[in-house]
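The exercises below are to be worked with the sequence and the three-dimensional structure at hand. Each task is followed by a solution that proceeds in steps.

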Amino acid sequence: MTATGALPRVMIRPRGVGRLRAGHPWVYRSDLDAEPGTPAGLVALADERGRPLGTALYSPHSEIRVRWLAPPDRAVDASWWRAMVSAALARRADIADTGHRVVHAEADGLPSLIVDRYGEFAVAQLLSAGIEAVRDDVIGAVRSVMAPRGLLLRNDPPVREREHLERTTELAFGEVPERAPYSEGGLTLVAQPWTGQKTGAFLDQRENHVRLGTLGSGARCLDLFCYQGGFALHLANGGAREVIAVDSSADALEALRETARSRGIGGITTVEANAFDWMRGAADAGEKFDVIVVDPPAFAKDRRSLARALAAYKELNLRAMQCLTDRGWLFTASCSHHVDRGSFFGMLAEAARDAKQRMQLVEIRGAARCHPELVTVPETGYLKAALLRKLGGSPI
């Protein structure tokens, strides 16, 4: 890749410069002084006076036109990509689980790049036109630093359409199986790299899966939106007397059952159903559980759907609170980045009030530490979660 001085130059207006200096790597279309008239790829940034700001990824069709990478004195070449992936890997050197995220996009200084590990295999997502333009360097860095048996590119998220990119799934090199086993808190689970959600599994809930497993002993448990059973399997493995796992996907439930059978884990009953309908029926029937997990998909796809999303989260959590035994545990999460922490915890307070239940906030939780949050980039902290415990009795 060429040195910064030889790259096309993009001049940034003061508002965009201020955003960069405040620690956020994105520059929007409205903050460009002029379009460079070049294809997607690397560009050199400068302020309106021509002072260099560094090297960035440029996406000519995205509202996020520029994603900053490196200062002016650092060439973004193949060795730079290797160094950045190596640094991200080193930050996770003490993670014992063989399934975890290695590169978490902006939080690791590599905007729009995701790299996950499942044992001997790696799965990546290139989510912008800029990163797609340097894919050879990215693939080379993953191959050199991580040395996986194979790398799969799960370039199928809808966000690629906004970048005028195709949504594809393709093998970059080596081999990646349909099912890839990986360890999580001493339990062996199975990812589906080619067809599963995200890159094959929900690695952001890795530490929360393990934490909930410690609450399972002797408990009657409910896992809503269970998908392939990360929570259900850990609860059952932790000694739960019963786990009911609810999801609308027959394929996900079959994967859960297959994993349970192969690991000798019993006590899980799978239910193919709409979680909202099932939860309303359970509450109306007076069902009680010692542990309930509410881990739905992202309801707020944009800011316009925020009010409707919060209403949906509230309904689920209100019903869950009604179905808890006294001193029962509720783990609840939202992966909608448009739902901020204040709105999330405000929703929980409203749900507890309307359910007429006293709920202790025992732990504020979030994504596993392999999904770090950059404090100047709130988008990296998309997963909000809480562990609550119900007190006996009702408010006056």
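**Exercise 1.** In this predicted model, determine which residue of E4 stands opposite Ala 44, and describe the strands around that position.

*Solution.* Begin with the pair itself: Ala 44 has Thr 55 of strand E4 opposite it. Next, place this pair in its ladder, in which E3 and strand E4 (residues 52-58) run antiparallel and are joined over 6 bridges. The connection between E3 and E4 is a hairpin with 4 residues between the two strands, and in its turn Gly 50 has a positive phi of about 90 degrees. Then turn to strand E1 (residues 9-12), which pairs with E3 in the parallel sense over 4 bridges; here Met 11 has Ala 46 as its bridge partner in E3. Finally, consider burial, for which the criterion is under 20% relative accessible area: 7 of the 7 residues of strand E3 (residues 41-47) are buried, so E3 is largely enclosed by the rest of the structure.

**Exercise 2.** Establish in what order the 7 strands of the open sheet are arranged, and locate the helices that pack on this sheet.

*Solution.* Reading across the sheet gives the order E15-E14-E13-E16-E17-E19-E18, with mixed pairing. Strand E15 (268-272) and strand E18 (359-366) are at the edges, where each has a single partner strand, so one side of each is left without a neighbour in the sheet. From one strand to the next, the twist averages 15 degrees. Within the sheet, strand E13 (residues 220-224) and strand E16 (residues 289-294) pair in the parallel sense over 4 bridges, and Leu 222 has Ile 292 as its bridge partner in E16. Helix H9 (residues 275-284) packs on the sheet by touching E13, strand E14 (242-247), E15 and E16, and its direction makes about 150 degrees with that of E13. Helix H11 (residues 341-355) also packs on the sheet, touching strand E17 (324-334), E18 and strand E19 (384-390), and its direction makes about 25 degrees with that of E19.

**Exercise 3.** Identify which residues touch the most other members of the largest nonpolar core, and follow the contacts of Val 243.

*Solution.* This core has 39 residues, of which Tyr 118, Leu 212, Val 243, Ile 268, Val 291 and Phe 331 touch the most other members. Helix H7 (residues 230-237) gives the most to the core, with 5 residues. Leaving aside residues up to four places away in sequence, Val 243 touches Cys 221, Ala 232, Leu 235, Ala 236, Gly 267, Ile 268 and Thr 269. Apart from the largest core lies another, of 34 residues, including Leu 224, Ala 275, Leu 316 and Leu 324.

Terms used
Residues are numbered from 1 along each chain as its sequence is written. This is a predicted model: local features need pLDDT of at least 70, side-chain atom pairs count only at pLDDT 80 or more; totals for chains, interfaces and linings use all residues. Side-chain values use heavy atoms; hydrogens and water are left out. A nonpolar core is a set of buried Ala, Val, Leu, Ile, Met, Phe, Trp, Tyr and Cys residues joined through side-chain atoms within 4.5 Å. Buried means under 20% relative accessible area, exposed over 50%, partly exposed in between (1.4 Å probe, protein chains only). Contact means heavy atoms within 4.5 Å. Two strands pair if DSSP finds at least two bridges between them. Axes are lines fitted to C-alpha atoms, for helices over the stretch in contact, and angles run from 0 to 180 degrees between N-to-C directions.
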